[in-house]
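Colleague: Could we go through this model together? I have a few short questions on its interior and its secondary structure.

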Amino acid sequence: MRIFLASACILFSASAAAQEPAVSQTPELTFERVFASPSLDGPAPRQAKLSPDGRWLTLLRNREDDRQRYDLWGYDREAGEWTMLVDSEKLGSGRELSEDEKMQRERARVGNLSGIIAYQWTSDGEAILVPLDGDLYLARLDGPEGTVVTRLTDTEASELNPALSETGEYLSFVRDRQLWVGRVGQDARPITPQEGADIRWGEAEFVAQEEMDRDTGYWWAPGDSRIAVERFDESGVGVVTRAAIGATGTQVFDQRYPAAGTPNALVELFVMNPDGSERVEVDLGEETDIYLARVDWAPDGDTLYVQRQNREQTRLDMLAVDPRTGASEIVFTENAAVPDYWINLGNIYRWLDDGSLIWWSERDGYGHLYRYAEGAWTQLTSGEWVVTGLAGVDQRQGRVFFQGTKDDVLAQQVYAVDIARPGEYTRLTDAEFANSATMDGRGQNLLVTRSKPDQPPQTYLADAMGDAQLWVERNALDADHPYAPFLASHRMPQFGTIAAEDGTVLHYKMITPEMEPGKRYPVYFYHYGGPGPQTVQRDWSAPLEQAIVDKGYIWFELDNRGSANRGVGFEQPLYRAMGGVEVRDQKAGAEYLKTLPFVDPDKIAIDGWSYGGYLTLKQLQADPGLYAAGIAGAPVTRWELYDTHYTERYMGDPNVDAAAYRAASAIPDATKITDPLLVIHGMADDNVVFENATELIAALQEGNAPFEMMLYPGYTHRVSGEQISPHRYNTVFRFLESHGVTSPE
């Protein structure tokens, strides 16, 4: 670990060092200000990348006057200057995106962003492909007048999944359910057939986008020799009539939605030349009810590797495919680590030039790195902690860079391990911060993002030893920072643990307001509770949390069993048992709160969104009177309504495990909810479809059970925005205040 020297860094922000702002009186931190521009978190750069020649560091930077709009910026490492390379407002047409692109953005969780949200360097480092407002542009650098931008497409239809080929010679994209390819600067043409509304080429199917973290359906081979292209047929998938109810009208969409226990899309994979010729089908096996999990080319382009997952998600086969014939063979098989468990898909793997593979597996009970070479496995990391990300690999030096929880489960660090010396780790980041990192393809430069409870996210460029070279965004909390007026009232979180019913250690985070001796305070108990996210971390204590604390509430959150980054034994209790163990663990948190002398035991309110909304319902049903009130945002209410890949991973097939689904449903016991309930849902939700809310509403109404409701016309699963977000939270706290969940006088 090296000392971070500010004097060695070049600042992107205007100030050189953090200073205590002179604040005479701290203004009220309102929800309106929390969600307004400029962001109180400070600048939030996205997708920082080094150009192939290493000269440029580029990123997407949001605007001070519009926190959701991003422009393309570049730092010329030779000149030492930052420049806005592409201004999204000046270049953009403002054209409305197609429904397909809108839905892709929703599934990528960037539906609220505008301007430039992605870009790609050409292989020679002289130009950048920029998608904007449904069309494609090429920005060439270092012209006599600076950046010169050429428009590549101008159509009413959106160009989805645009990409440059590996050499940069070809441009490819999806339009009208076909894959189009052309040489850069020339007209593209479709290289796959158009086969009807239910068959698509070059796209990822719904569950791949929503649940599998796979957002493309085609892959260029090294040297541009071939393309692997997915074809999927949705004709057998059930139709959900999604009424996108807006403020002034309703649009009806017949959406193919693979609900649990129903057919998935039929997925096939083909390999072809860039002009579409010599197309061969990849042998994915006799069983067609599978998931196409991942597709990768070997570095030399001679082999196509395909990860095939079974429908039950208990087995994953690594296939090696001959791209000339489509013939495949199993290289190895990864099975669920223990019975009654599943395989967690991820992107923590990399094929190396020597034919070996760096691979992540939970086979020893914790997520760790292994090297597979010539049929043999070598474990590179081990212990009762987990690897959470693969930053990069320096193949010449034989070093692997990764993120993990080795030193603190609440604050991930970046480490390096030598392939030749497994188990010997070098930490490259400051343990005072929670860190994440990415690297260039050669494993020479680390791009580190870090934060801590009193420091919003910072990003810097470091060398392979962890030595800082350049501030990308220092985000100093100085007098000019947007959060400066509120810094004097910033409250630091406390972290602690409680024991679950079986003795398992559960971590919590609590932020208290300034409290007067002898007084008791209400609790805003936030939860997610489902598999995947870890909410309790030693990172930036966001302005939303602080605004709630400023209102006189205690902020509290707890990671129950089933959440990520604690190993197989911590996640496994959710298997076939959603709505059970997590309810009991959250109850343990509430019972702990009631023992604290500064907590009002009659004023503990719970709030959650998506899975957290579902958990609110199950908690209120299981323990009437324990909580003062509950807010259920966009809740899944019956798991047969949710998609196959997510739901069946944990709950199995409802046609086989019907009893587990009945026990997990929030509908049968809806009328057991006697505490105040507020239901919130976006009326155009394509993820947790609105039928989840209407089934709950109907059950409560038919049972004459009181509840309150706030619906958002035109909004999807993401009910957010500079005006809507304050409305949502003001609604929540008016609801709490109306039921007596208020701070003491």
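Modeller: Certainly. This is a predicted model, and we may begin with the second largest cavity. Its lining consists of Glu205, Phe206, Val207, Glu234, Val237, Arg256, Pro258, Asn264 and Ala265.

Colleague: How much space lies in that second largest cavity?

Modeller: About 60 Å³.

Colleague: And how does its lining divide by class?

Modeller: The lining of the second largest cavity has 5 nonpolar residues, 1 polar residue and 3 charged residues.

Colleague: How many cavities of 30 Å³ or more does the search find?

Modeller: The search covers the whole structure and finds 5 of that volume or above. The largest cavity holds about 210 Å³ of space.

Colleague: Which residues lie nearest the centre of the largest cavity?

Modeller: They are Glu334, Ile343, Asn344, Trp359 and Trp360, out of 20 lining residues. By class, this lining comprises 11 nonpolar, 6 polar and 3 charged residues.

Colleague: Which strands supply at least two residues of that lining?

Modeller: Strands β24 (328–335) and β26 (357–361) each do so. The largest share, 3 residues, comes from β26.

Colleague: Turning to pockets, what is the volume of the second largest one?

Modeller: The second largest pocket has a volume of about 660 Å³. It is lined by 30 residues, and Glu96, Lys102, Glu106, Gly111 and Arg718 are the closest to its centre.

Colleague: Which element gives the most to that lining?

Modeller: Helix α3 does, with 5 residues. At least two residues each come from α3 (99–107), β5 (114–115), β17 (239–245) and β18 (250–256). The lining of this pocket contains 8 nonpolar, 11 polar and 11 charged residues.

Colleague: Now the strands. Why is β19 described as largely enclosed?

Modeller: Strand β19 (residues 266–272) has 6 of its 7 residues buried, so the rest of the structure largely encloses it. Buried here means under 20% relative accessible area.

Colleague: Which strands are joined to β19, and how do they run?

Modeller: Strand β16 (residues 227–233) is joined to β19 by 7 bridges, and the two run antiparallel. Ile227 has Met272 in β19 as its bridge partner. Strand β20 (residues 280–281) is also antiparallel to β19, with 2 bridges between them. There, Val271 stands opposite Val280 of β20.

Colleague: What is the strand order in the open sheet of 8 strands?

Modeller: The order is β37-β38-β40-β39-β41-β42-β43-β44, and the pairing is mixed. At the edges are β37 (494–499) and β44 (708–712), each of which pairs on one side only. Neighbouring strands of this sheet are turned by 20° against each other on average, direction ignored.

Colleague: Do β39 and β40 run parallel or antiparallel?

Modeller: Strand β39 (residues 521–526) and strand β40 (residues 554–558) run parallel, joined by 4 bridges. Phe525 has Phe556 in β40 as its bridge partner.

Colleague: Last topic, helix α12. Why does its length agree with the expected span?

Modeller: Helix α12 (residues 724–738) has 15 residues, so at 1.5 Å a residue it should span 21 Å, and its end C-alpha atoms are indeed 21 Å apart.

Colleague: Which residues in α12 are buried?

Modeller: Ile724, Ser725, Pro726, Arg728, Tyr729, Thr731, Val732, Phe733, Phe735 and Leu736 are buried.

Colleague: What phi does Gly740 take, just after α12?

Modeller: Gly740 takes a positive phi of about 80°.

Note on methods: Residues are numbered from 1 along each chain as its sequence is written. This is a predicted model: local features need pLDDT of at least 70, side-chain atom pairs count only at pLDDT 80 or more; totals for chains, interfaces and linings use all residues. Side-chain values use heavy atoms; hydrogens and water are left out. The expected span of a helix is 1.5 Å times one less than its number of residues. Buried means under 20% relative accessible area, exposed over 50%, partly exposed in between (1.4 Å probe, protein chains only). On a 1 Å grid over the protein atoms alone, a cavity is a set of points where a 1.4 Å probe fits but cannot get out, and a pocket is an open set with protein on both sides within 12 Å along at least five of seven lines; lining residues have an atom within 4 Å of a point. Grid points are joined across faces, edges and corners, and a volume is the space filled by probe spheres set on the points. Ala, Val, Leu, Ile, Met, Phe, Trp, Tyr, Cys and Pro count as nonpolar, Asp, Glu, Lys and Arg as charged, and the others, Gly among them, as polar. Two strands pair if DSSP finds at least two bridges between them. Axes are lines fitted to C-alpha atoms, for helices over the stretch in contact, and angles run from 0 to 180 degrees between N-to-C directions.
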